[in-house]
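Please walk through the model below with a view to its pocket, its aromatic pairs and the burial of its residues.

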Amino acid sequence: IRDLVEKLPIMLTPRWTRNLCQPIAIRNVIGYLAGVLANPRAIGQTFEIGGPEQVSYQELLRRYARYR
């Protein structure tokens, strides 16, 4: 996201940027990973993680651009 916003300040976005995602902070990802490492019941399991908000990649690009 950073590279797209900073290197291409004006661009036509492809269709996939309208897909929704659930952005999550790195510190939360690390917290989840640390939690499952200590839990033997987590071995071989799959966990879906994501933030509480669903936004499009296009919106993430806009938000990052405003932030920068």
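Is Tyr-67 buried or exposed? With a relative accessibility of 69%, Tyr-67 counts as exposed, where exposed means over 50% relative accessible area, buried means under 20%, and partly exposed lies in between, all with a 1.4 Å probe and protein chains only. The structure is a predicted model, in which local features need pLDDT of at least 70 and side-chain atom pairs count only at pLDDT 80 or more, while totals for chains, interfaces and linings use all residues. Residues are numbered from 1 along each chain as its sequence is written, and side-chain values use heavy atoms, with hydrogens and water left out.

Tyr-67 shares helix α3 with Tyr-64, 3 residues apart, which is about one turn of the helix; helices (H or I, at least four residues) and strands (E, at least two) are DSSP runs numbered from the N terminus. A pair of aromatic rings is described by the distance of the centres and the angle of the planes. The rule used here pairs rings of Phe, Tyr and Trp (its six-membered ring) if their centres lie within 6.5 Å, and planes under 30 degrees apart count as stacked, over 60 as edge-to-face and the rest as tilted. By this rule the count comes to 2 aromatic pairs. In one of them, Trp-16 and Tyr-57 meet edge-to-face, with 5.6 Å centre to centre and 70° between the planes. This pair links distant parts of the chain, since Trp-16 sits in the loop between α1 and β1 (20-21) and Tyr-57 in helix α3, 41 residues apart. Trp-16 is partly exposed, with a relative accessible area of 44%, and Tyr-57 likewise counts as partly exposed, at 32% relative accessibility. Tyr-64 and Tyr-67 form a tilted aromatic pair, with 6.4 Å centre to centre and 45° between the planes.

Helix α3 also has a buried side: Glu-59, Leu-60, Leu-61 and Tyr-64 are buried in α3. What covers these buried residues of α3 includes α1, β1 and β2, with contact taken as heavy atoms within 4.5 Å.

The loop between α1 and β1 also holds Thr-17, which is buried, with a relative accessible area of 1%. Leaving aside neighbours within four places in sequence, Thr-17 is in contact with Ser-56, Tyr-57 and Gln-58. The side chain of Thr-17 also makes a polar contact with the side chain of Thr-13, at 3.3 Å; a polar contact is a pair of N or O atoms within 3.5 Å, and within protein one must be able to donate a hydrogen and the other to accept it, while residues adjacent in sequence count only if both atoms are side-chain atoms.

Seen from the other partner, Ser-56 lies in strand β2 (residues 55-56) and counts as buried, at 13% relative accessibility. Apart from neighbours within four places in sequence, Ser-56 is in contact with Thr-17, Arg-18, Asn-19 and Leu-20, and its side chain reaches the backbone nitrogen of Glu-59 at 3.0 Å.

Arg-15, too, lies in the loop between α1 and β1, but Arg-15 is exposed, with a relative accessible area of 69%. Arg-15 and Gln-58 are 43 residues apart in sequence and 9.4 Å apart in space, C-alpha to C-alpha. In the segment after α3, Arg-68 is exposed, with a relative accessible area of 60%, and Arg-68 and Arg-2 are 66 residues apart in sequence and 9.2 Å apart in space, C-alpha to C-alpha. Leu-37, found in helix α2 (residues 26-37), is exposed at a relative accessible area of 74%, and Leu-37 and Pro-14, 23 residues apart in sequence, are 38 Å apart in space, C-alpha to C-alpha.

The pocket remains to be described. The largest pocket has a volume of about 240 Å³. Its lining consists of Leu-4, Val-5, Leu-8, Pro-9, Ile-10, Met-11, Thr-13, Gln-58, Leu-61, Arg-62 and Ala-65. The elements that give two or more residues to this lining are α1 (2-7) and α3 (57-67), and the largest share, 4 residues, comes from α3. A pocket here is, on a 1 Å grid over the protein atoms alone, an open set of points where a 1.4 Å probe fits, with protein on both sides within 12 Å along at least five of seven lines, and lining residues have an atom within 4 Å of a point.

Terms used. Grid points are joined across faces, edges and corners, and a volume is the space filled by probe spheres set on the points.
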